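Me: I have a fold to go through with you. Can we start with the sheet?

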Amino acid sequence: MKKTLICLIIVLAGSQITFAQDINSVIAYFEKTCNSDHQVVNKAMLNSSFEAAAAADPTGQLKSNTPPFMHKIDSIEVFSLEGFSLETKNQLLDKMNSFEDGNGYESLIRVKEDGENVRIVANKNGDIISEILVFSIEQDEIVFVRMSVNMDESDLNDFISEQNNNYKKE
């Protein structure tokens, strides 16, 4: 009961605050929301994972099949939220939908299908992409992913193609 009450207070307080075009405020909201898990994977951890996976692959195909953009990711930050109220879901849907393009942010993909809402946004400075944000809101899980990257347009196109292929497989 306490958890539910605290969640309700957070949602009500959050609905009174208008978030600026600052992704850090969205992250702060996730950090304060009930049942939110937060994981960070840095470059060293990513490289170690790639090396371990390559070493465990006797065919050597994993290394050749890994999209080049994967090696241009500097860190991945994942916020996952389960066991949330309808009010929390609606609040985060509003935040995702109100996040506007501009100030270097550009929407790449928006999908609304069968209760699933996905939006992928890139932070660009000229031809260089420094950040990719993925918002995914489903019936029973909400996920926000923030990737620090150093990519160019061709890497970004590869990333979008990979995400489209993954979405079509599911």
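Reply: In this predicted model, six strands (DSSP E runs of at least two residues, numbered from the N terminus) form an open sheet in the order β1-β2-β6-β5-β4-β3, with antiparallel pairing. Pairing takes at least two DSSP bridges between two strands.

Me: Which are the edge strands?
Reply: β1 (36-42) and β3 (105-113), each pairing on one side only. The twist averages 10° from one strand to the next.

Me: How many bridges join β4 and β5?
Reply: Nine, in the antiparallel sense. Arg119 stands opposite Phe135 in β5.

Me: What does helix α5 touch?
Reply: Helix α5 (residues 86-98) packs on the sheet and touches β2, β3, β4, β5 and β6. Its direction makes about 150° with that of β5. Contact means heavy atoms within 4.5 Å. Angles run from 0 to 180 degrees between N-to-C directions.

Me: New topic. Is Asn123 buried or exposed?
Reply: Buried, because its relative accessibility is 16%; the cut-off is under 20%, with a 1.4 Å probe and protein chains only. Asn123 sits in strand β4 (residues 116-125). Its contacts beyond four places in sequence include Tyr105 and Glu131.

Me: Where is confidence lowest?
Reply: In helix α1 (residues 2-16), with a mean pLDDT of 37. That score is the predictor's confidence per residue, from 0 to 100. Strand β6 (residues 141-151) is highest, at 89. Where pLDDT is low, the coordinates should not be read in detail.

Me: Which ground rules apply?
Reply: Local features need pLDDT of at least 70, side-chain atom pairs count only at 80 or more, and totals for chains, interfaces and linings use all residues. Numbering runs from 1 along each chain as its sequence is written, and side-chain values use heavy atoms, leaving out hydrogens and water.

Notes: Helix = DSSP H or I, 4+ residues; strand = E, 2+ residues; numbered from the N terminus. Buried < 20%, exposed > 50% of the residue type's maximum accessible area, 1.4 Å probe, protein only.
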